[in-house]
Every structure is written in structure tokens, then in C-alpha cells.
Amino acid sequence: MNAAQQIDRDAVSDRTQPLLKVRGLTKLYGPEKGCQDVSFELYPGEVLGIVGESGSGKSTLLSLLSGRCPPDSGVIDYRLADTHKSAGQWLDLYSASEAERRTLLRTEWGFVEQNPRDGLRMAVSAGANIGERLMAQGVRNYQALRAAGLDWLNQVEIDPARIDDLPRTFSGGMQQRLQIARNLVSGPRLVFMDEPTGGLDVSVQARLLDLMRGLVRELDLAVVIVTHDLAVARLLADRLMVMRRSHVVETGLTDQILDDPQHPYSQLLVSSVLQP
Amino acid sequence: MNTLIEVRDLSKTFTLHQQNGVVLNVLRGLNFSVSGGECLVLHGHSGAGKSTLLRTLYGNYLPAGGSIRVQHQGEWLELVGAAPRDVLQVRQQTLGYVSQFLRVIPRVATVDVVMEPALARGWKREDARTRAEDLLARLNIPQRLWQLAPGTFSGGEQQRVNIARGFMVPWPVMLLDEPTASLDDGNRQVVLELINEAKSAGAAVIGIFHDRLAREAVSDRHLDMTPPDLDPQASMASSLKETEQC
Amino acid sequence: MNAATQPRPQPQTPRDEAYNFAYLDEQTKRMIRRGLLKAVAIPGYQVPFGGREMPLPYGWGTGGMQLTAAILGAEDVLKVIDQGADDTTNAVSIRRFFARTAGVATTERTPEATIIQTRHRIPETPLHADQIMVYQVPIPEPLRFIEPSETETRTMHALNDYGVMHVKLYEDIATFGHIATAYAYPVTVDERYVMDPSPIPKFDNPKLDMSSALMLFGAGREKRLYAVPPFTRVTSLDFEDHPFEVQKWEHSCAICGSHDSFLDELILDDQGTQSFVCSDTDYCAQRVSQGRAGQ
């Protein structure tokens with residue numbers, strides 16, 4: 001994983017500055033529907049978990065953060081990569097043009113959908129799915145695209161011989177891993193994940209989680225992951241935000257929130273989990 | 001003496017919102033400091049809050065008040081109220097924690113579980129592997145198990161894998177929660193050696209040891225944690241908390 | 001099918017006064033011309049227009065016919081080709097339609113025409129500056145095969161977000177070892193908009209580049225028109241290691257002997273005996289009249 005290590009080294013120098021600064025983010029569809037007054041900073045290599053029950057505003061927050069839906073109020077500032085034209089500059093996500101946001105979403109950012117069908121192009125091969133971001137960035141060499149496809153299939157533990165197969169011939173777990181590869185091929189710095197293990201059965205979940213853990217560390221990714229599964233949160237997230245009825249009710253270190261929750265709702269959430 | 005960790009007026013309460021908001025005062029007004037090369041043993045009967053103290057020092061439990069300061073990369077850092085990323089940095093570089101229980105990561109080979117703290121610090125893979133294999137051998141984990149995930153191991157084996165992981169890298173400050181509990185004599189001896197090696201290397205150790213032999217082998221000082229007024233609620237809370245972690 | 005017929009004389013028929021000139025009413029033609037001006041100003045950009053019902057079904061060239069009707073003047077000379085041939089049903093019907101409703105002169109000779117409406121070919125004879133090509137387009141959106149949402153494809157065009165176009169070409173190479181797309185091969189116009197050049201064979205793509213003639217494209221069902229103005233750069237998409245190539249034939253035309261025109265394959269008998277002839281009937285006929293012949 002040479003490319004990955006290179007990314008890792010580059011990122012070390014800018015670790016002391018946040019990657020994302022979020023202030024007063026609000027988007028309401030109704031009273032306590034949506035999310036309100038969310039503020040946090042995310043540093044390079046940091047994994048932030050957003051937990052809470054259905055309807056608590058987790059997914060709304062994720063769409064706001066990932067540039068998919070403008071907030072009613074609040075600001076999201078993103079620090080652009082040094083290689084970017086405006087090196088080290090802060091980009092106000094919703095003051096930027098849609099073109100800038102889109103470029104960001106297919107280069108420095110990634111988005112892993114809960115349902116791989118939403119994040120993959122089901123009608124084209126695995127290799128084309130992986131190569132798309134590179135083609136969008138102007139890679140016009142078929143051999144290079146092919147090599148990237150094979151390399152990434154390998155990294156997400158899919159048999160490279162299946163590079164020309166359509167995603168619909170893959171199992172759910174493989175589709176999800178393919179979606180991850182398709183996002184990571186452009187070397188993103190920030191990846192959003194919406195219940196990435198949600199639709200998978202338990203045996204497949206463990207494998208995917210382990211893979212994601214490894215990739216997050218090796219590539220030094222900053223991740224915002226929405227999940228209602230506290231085990232997933234414990235395994236992946238450095239720190240958690242607990243949401244309830246559009247508000248963030250508690251934030252802190254993952255194991256502290258899970259082992260010593262302070263807010264009544266966090267305590268309820270943690271104590272409601274069935275222990276196998 | 002180079003003090004590495006300093007605790008002032010530390011208190012810890014649990015508010016059980018699910019149980020009519022009962023407030024349990026488990027730790028009150030604790031003051032101590034530990035220097036490099038020194039081992040502080042926590043005394044007190046079951047339920048006195050010994051494990052709670054270790055977890056609070058590690059940032060796993062949120063203190064109610066007071067101060068926990070550690071020497072982190074040449075500077076004093078206040079852990080009470082610190083940002084999560086700072087706590088994680090301290091956990092990566094300064095503060096080690098070994099309990100009896102291995103939190104199993106599915107599917108990861110034993111040797112990789114043990115190597116992880118070294119890789120997180122940026123060790124070379126070969127160096128980490130050499131050290132991990134050395135520790136596993138010393139702790140009598142059969143070599144045929146090294147490439148297997150520890151999820152299926154016996155309780156004792158898992159405990160020793162966890163100890164190997166805990167001693168994988170040198171820590172300036174080590175928190176040990178009954179690392180020798182239920183180990184046979186041979187393995188207990190290995191763990192005590194590891195602790196003494198860490199002390200000689202300059203680590204400040206804070207530990208809980210139930211068996212007297214182990215305690216005597218490593219202890220320099222002790223901290224009496226029996227509360228002045230034996231608070232029955234406090235003992236209930238910490239035993240409740242301890243079982244919850246298994 | 002396209003035997004080396006001598007061009008038949010095309011008697012100028014008087015206009016049928018029951019119809020407005022060129023069938024469509026003046027307001028509609030004006031509306032389409034406004035759309036065409038916009039299309040010429042933004043090469044390769046798809047302009048929506050209020051498409052009208054034409055007296056033939058969608059898929060038979062209603063888009064092209066509306067454009068032709070909008071630009072046709074009484075002095076124009078019209079040529080209509082279908083798959084290169086002047087004498088197929090579609091070509092004959094459309095030619096007859098405008099001869100009757102507009103009373104314009106028609107021709108089968110490429111150099112003589114001022115407006116050439118076409119389905120699936122660009123003539124082999126080089127075009128000149130006073131000519132306008134009108135293409136009949138079934139699906140104007142080159143991104144449609146991968147992105148079903150119109151809103152999304154429009155945004156992709158607006159933001160120059162074309163990475164996905166190469167996905168199709170990638171799939172071709174992965175499946176067939178080469179870019180197998182043979183017709184409707186996507187192009188970039190004036191280094192900006194990606195355009196579907198209508199179902200012409202990719203053999204004709206190079207003829208679009210820096211052409212002296214104005215190219216107009218009309219899609220009747222989808223009510224879109226677009227244009228390539230004269231002397232505009234039109235490049236076919238490709239990969240560095242799989243560059244764009246046009247079709248080649250080992251054969252030459254059985255009638256005129258041409259080595260470098262687009263050939264149609266004919267099966268002559270039940271034994272599968274093949275013969276290859278020019279798809280462009282006028283080009284073929286001209287070569288024969290100049291004394292060239294095949295085997």
C-alpha cells in the first residue's frame with residue numbers, strides 16, 4: 001500500500017489543524033425534526049461517530065455535512081488539501097459553487113451509502129466503478145485505470161479476477177466493499193458513511209468493520225459515520241456525538257460515552273442494547 | 001523524583017438517570033502522585049472504587065471534579081476536560097492500561113492484536129512483530145495460536161494476550177487492573193517480571209493486585225481507598241459497574 | 001438497394017398552397033430559429049424547443065424535419081439521405097414532403113444541395129461553406145445511458161462533469177479489448193460540451209471536426225436541438241493507450257471500387273456470398289459516372 005503510506009506521511013504535517021469546522025448547523029423540517037445548532041471540529045485522521053435513534057437527525061446532519069443539502073443556518077468550513085489550487089485555504093461549503101462542491105465530493109471526499117445500490121453504478125463492471133473517479137479527474141490511460149482497479153479490489157479483499165463482473169453478481173458485503181474502494185481510489189481525506197454495515201448480516205459485518213478499521217488507519221482518513229449500532233461505533237469511532245430529537249445531547253470519547261454516559265438519553269441508549 | 005502523574009481532589013459520581021436519578025459518590029477528594037520507577041498499589045475492599053479510579057484516570061469514566069495531570073511528551077497535560085483527541089494522543093504515547101479482559105476485535109490475528117499499540121506509534125512492522133512474538137512466547141501462548149483470532153481462546157489465554165498487548169510498547173504511566181488475577185504461578189511470575197522491567201525503564205505504575213505475593217513483588221507505596229464512612233451505595237455502584245464491563 | 005443509378009432528374013413541383021410554406025406556421029419556425037441561434041452560439045449545448053406534431057411518427061425524422069422547415073428558404077436546394085442513400089423510403093418521403101409543402105428544388109447530388117437532411121451518415125463528398133447539415137437525432141443526451149435523471153445530466157453538462165463518459169469506453173475495452181462503440185460515438189465540441197453526434201458511424205466523426213458546413217441536430221421526441229458551427233473543434237473521446245480509430249475495410253466498393261468510403265455489407269445469396277458497396281449512393285454514382293468501377 002505504497003500510495004496509502006504516501007498519503008499518510010503528507011497528512012502528518014497538517015494534523016494539528018482541523019479539517020472541518022462546523023458552527024451552529026441547523027436544518028429543521030418541523031419542530032425537533034432535522035438537526036439544530038450542531039458545532040464541532042474534525043481533525044485529520046479522526047473518526048467521529050453520530051449515534052441516536054431513528055429520526056433523531058443523524059442522516060439530516062450527514063447530508064448537511066456532505067454538501068448534499070444546504071442548512072437553514074450555520075457554517076461548514078473545510079480546509080482544502082495542499083495540492084489544491086488554493087492550498088491550505090478554507091472553503092465555506094455552502095458559499096462555494098456547486099461545481100466546487102461536486103469536485104470536492106469526487107476527489108477529497110467520499111460518501112459510503114447504506115445501500116450499495118445507491119453508491120455504485122450497477123450497470124457497469126467493478127473495474128469501471130472503481131475507475132470512475134480517476135476518469136473524472138482526467139486519467140485517460142486504460143492500463144493505469146486497470147491497475148488501480150486490480151489494486152483496490154485486492155485492498156478490499158475482492159478477488160481481482162472479478163474486475164469485469166457487474167456489481168449485481170456480488171454479495172451484499174462485496175458490494176459494500178466495492179463501494180468503499182470506489183470512494184477511496186481518489187485518495188480522499190474525509191469520508192462520510194451512512195450506516196455502512198446496516199444492510200449486512202452479522203458475519204459479514206465483522207469482516208467489513210475490520211477492513212474499514214485498517215483502511216481508516218492506513219490512509220489516515222477523517223470519517224464521519226452515522227450508525228445506530230453502538231458496537232460499530234465502539235469499533236470504528238474515536239469519539240461520539242449522541243443525537244436526540246434534532247439536538248446533540250452529549251459528545252465525548254467513544255468509550256467514555258459508552259461506558260460512562262452522562263445524559264439520561266445516552267444512558268437509556270447504552271442500557272437498551274441487547275448483549276448477545 | 002520525576003513525578004509523571006499527579007491527581008488532586010479527584011472525585012467521581014455516577015448519576016443513574018434510569019433509576020430515579022440516584023447519585024452515587026464513588027471517589028471523593030483523592031490526592032496522590034506517582035513518580036517514574038515507582039509502583040502505587042490501590043488498597044481497599046471490593047467496591048471501594050479501585051477499578052473506577054483506574055478507569056477515571058484513563059479517561060474511560062468522566063471525573064466529577066478535580067484534576068488529573070500527566071507528563072505527556074515533556075509537558076504537563078490536564079486530562080480533566082481535555083479534548084477527546086488529546087486524550088487519544090495521551091493513550092497512544094503516554095498512558096497504558098491493562099485489564100484482565102480482552103476486548104476482542106473479530107477476525108484479527110493474535111499477533112496483530114498484540115502489535116497494534118506499536119504500529120499506532122509508527123513502529124516498523126518487522127520490529128513490532130519481533131517484540132510481539134517475544135512477548136507471546138514469554139507468556140506461554142503456543143506459537144500455533146499466534147495467527148488465529150483470540151476470540152475463541154480460553155479465558156486465561158485471552159488475558160495473557162491482553163497483557164502482551166499492554167506491555168508491547170514502553171509506557172511512561174501504566175494502569176494495571178488485576179493483571180495477575182487467576183494466572184498460574186509461572187505466568188504470574190512472567191507478568192511480575194514485565195512490571196518490574198517497566199518500572200526499571202522508568203514507568204510510573206498504578207495497579208490493583210488482589211493476591212498478596214504479587215502486591216509485595218512490585219509495590220512501593222499504597223493508597224488506602226477505604227472510604228472514611230463506609231458508603232454502602234458506593235460499593236453497590238462499583239460492583240455494578242465492574243460486572244457491566246465483562 | 002443502391003445500385004449505381006444515374007441521378008434522376010428532380011422536377012420542381014409546384015408548392016401546395018393549402019399548407020403554410022414548409023408545413024409549419026411562421027411562429028413555430030421563428031421559435032425554432034431562435035433556438036438554433038442559441039445552439040450555434042453555444043456549440044454542443046442542447047437547447048429545448050417546443051416540438052410540434054409532424055405528419056409522421058417519432059423516429060422517422062420529425063426533429064430533423066422541423067429544423068429543415070425552420071431554415072428552408074424558397075431558393076434552397078434540398079437533399080435527403082437515409083443511411084447514405086437517397087432512394088430509401090424515409091429519404092424519398094421527406095424529400096417529397098418538402099417539395100410539396102415548400103415547392104423547393106431537391107437533388108441527390110451532394111455539391112448541389114444547400115441543405116442536406118440526414119439520418120445516420122455524413123456524405124463522403126466534402127461539404128462546403130454554403131451548406132447546412134440537418135441530423136435526425138433519436139436520443140440527444142450522451143449521458144443518458146448511465147444517468148437516467150434529466151436534472152442530473154443537465155447539471156453534469158453545466159458543471160463540465162463528464163468523467164462518467166469514459167466509463168462507457170472503459171467498459172468496451174474491458175469487454176471487447178477495444179472501443180467497440182461504432183456509432184453515436186461521443187465527442188467533445190469546442191473543448192466544452194460532450195455531444196452525441198446522432199447515430200452516424202464513428203467513421204464520420206472526423207468529418208465533424210473543423211467542417212466548413214454548419215451542422216444542426218434535431219430530436220423530435222425529446223424536443224432538443226443542438227449545433228456545431230462551421231470550423232469548430234470536434235474531438236472524439238478516447239484513451240491514451242486506446243486512441244480513437246475509424247472503421248476500416250479490407251474490401252473496396254463492388255460498384256465504384258472506392259477504398260476509402262463507408263461500405264455496406266450485402267448478402268447476395270443463401271450461401272452467404274458477401275459484397276460490399278458504398279453506403280453513400282450519390283458518391284458511388286459520381287465515381288461510376290467518372291468511369292471508375294469495382295471488380
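**Interfaces and aromatic pairs in a predicted three-chain model**

Tutor: In this predicted model, 20 residues of chain C are in contact with 21 residues of chain A.

Student: What makes a residue of chain C count as in contact with chain A?

Tutor: Contact requires heavy atoms within 4.5 Å. By that criterion 20 residues of chain C and 21 residues of chain A qualify. Chain C and chain A bury about 1,800 Å² between them, and 57% of this area lies on carbon and sulfur atoms.

Student: Why is the meeting of A:Arg102 and C:Asp161 called a salt bridge?

Tutor: The rule asks for a side-chain nitrogen of Lys or Arg within 4 Å of a carboxyl oxygen of Asp or Glu. The side chains of A:Arg102 and C:Asp161 meet at 3.2 Å, N to O, so the pair is a salt bridge. Between chain C and chain A the count is three salt bridges, and there are 11 residue pairs in polar contact, both residues at pLDDT 80 or more.

Student: Which elements of chain C give two or more residues to the side that touches chain A?

Tutor: They are helix H4 (150–158) and helix H5 (165–176) of chain C. The largest share, six residues, comes from H5(C). By class, this side of chain C has nine nonpolar, four polar and seven charged residues.

Student: How many residues are in contact where chain A meets chain B?

Tutor: There, 26 residues of chain A are in contact with 25 residues of chain B. The area buried between chain A and chain B is about 2,100 Å², with 50% given by carbon and sulfur atoms. A:Leu253, A:Asp259 and A:Asp260 supply 26% of the area that chain A buries against chain B, more than any other three residues.

Student: How do you know that A:Arg213 and B:Glu116 form a salt bridge?

Tutor: Their side chains meet at 2.7 Å, N to O. The cut-off is 4 Å, so the pair of A:Arg213 and B:Glu116 satisfies the rule. The count between chain A and chain B is four salt bridges.

Student: Which element gives the most to the side of chain A that touches chain B?

Tutor: H8(A) gives the most, with five residues. The residues of this side of chain A divide into six nonpolar, seven polar and 13 charged.

Student: Why is the aromatic pair of B:Tyr58 and B:Tyr97 called stacked?

Tutor: Ring centres must lie within 6.5 Å for a pair, and planes under 30 degrees apart count as stacked. The rings of B:Tyr58 and B:Tyr97 are 4.9 Å apart, centre to centre, with 20° between the planes, so both conditions are met. B:Tyr58 lies in helix H1 (residues 50–58) and B:Tyr97 in strand E6 (residues 95–98) of chain B, so the pair ties together parts that are 39 residues apart in sequence.

Student: Is B:Tyr58 buried or exposed, and what of B:Tyr97?

Tutor: Buried means under 20% relative accessible area. B:Tyr58, at 16%, therefore counts as buried. B:Tyr97, at 22%, counts as partly exposed, because that class lies between 20% and 50%.

Student: What makes the pair of C:Phe97 and C:Phe98 edge-to-face?

Tutor: Planes over 60 degrees apart count as edge-to-face. The planes of C:Phe97 and C:Phe98 stand at 85°, with ring centres 5.1 Å apart, so the pair is edge-to-face. Both C:Phe97 and C:Phe98 are buried.

Student: Which residues of chain A form one aromatic cluster?

Tutor: A:Tyr78, A:Trp109, A:Phe111 and A:Phe192 form one cluster. Over all chains, the search finds 17 aromatic pairs.

Methods:
Residues numbered from 1 in each chain as written. Chains lettered and ligands numbered in written order. Predicted model: local features only at pLDDT ≥ 70, side-chain atom pairs only at ≥ 80, totals over all residues. Heavy atoms only, no water. Buried area = accessible area lost by both parts, 1.4 Å probe. Polar contact = N/O pair within 3.5 Å; in protein donor to acceptor, adjacent residues only side chain to side chain. Helix = DSSP H or I, 4+ residues; strand = E, 2+ residues; numbered from the N terminus. Nonpolar A, V, L, I, M, F, W, Y, C, P; charged D, E, K, R; others polar. Phe/Tyr/Trp six-rings, centres within 6.5 Å; stacked < 30°, edge-to-face > 60°. Buried < 20%, exposed > 50% of the residue type's maximum accessible area, 1.4 Å probe, protein only.
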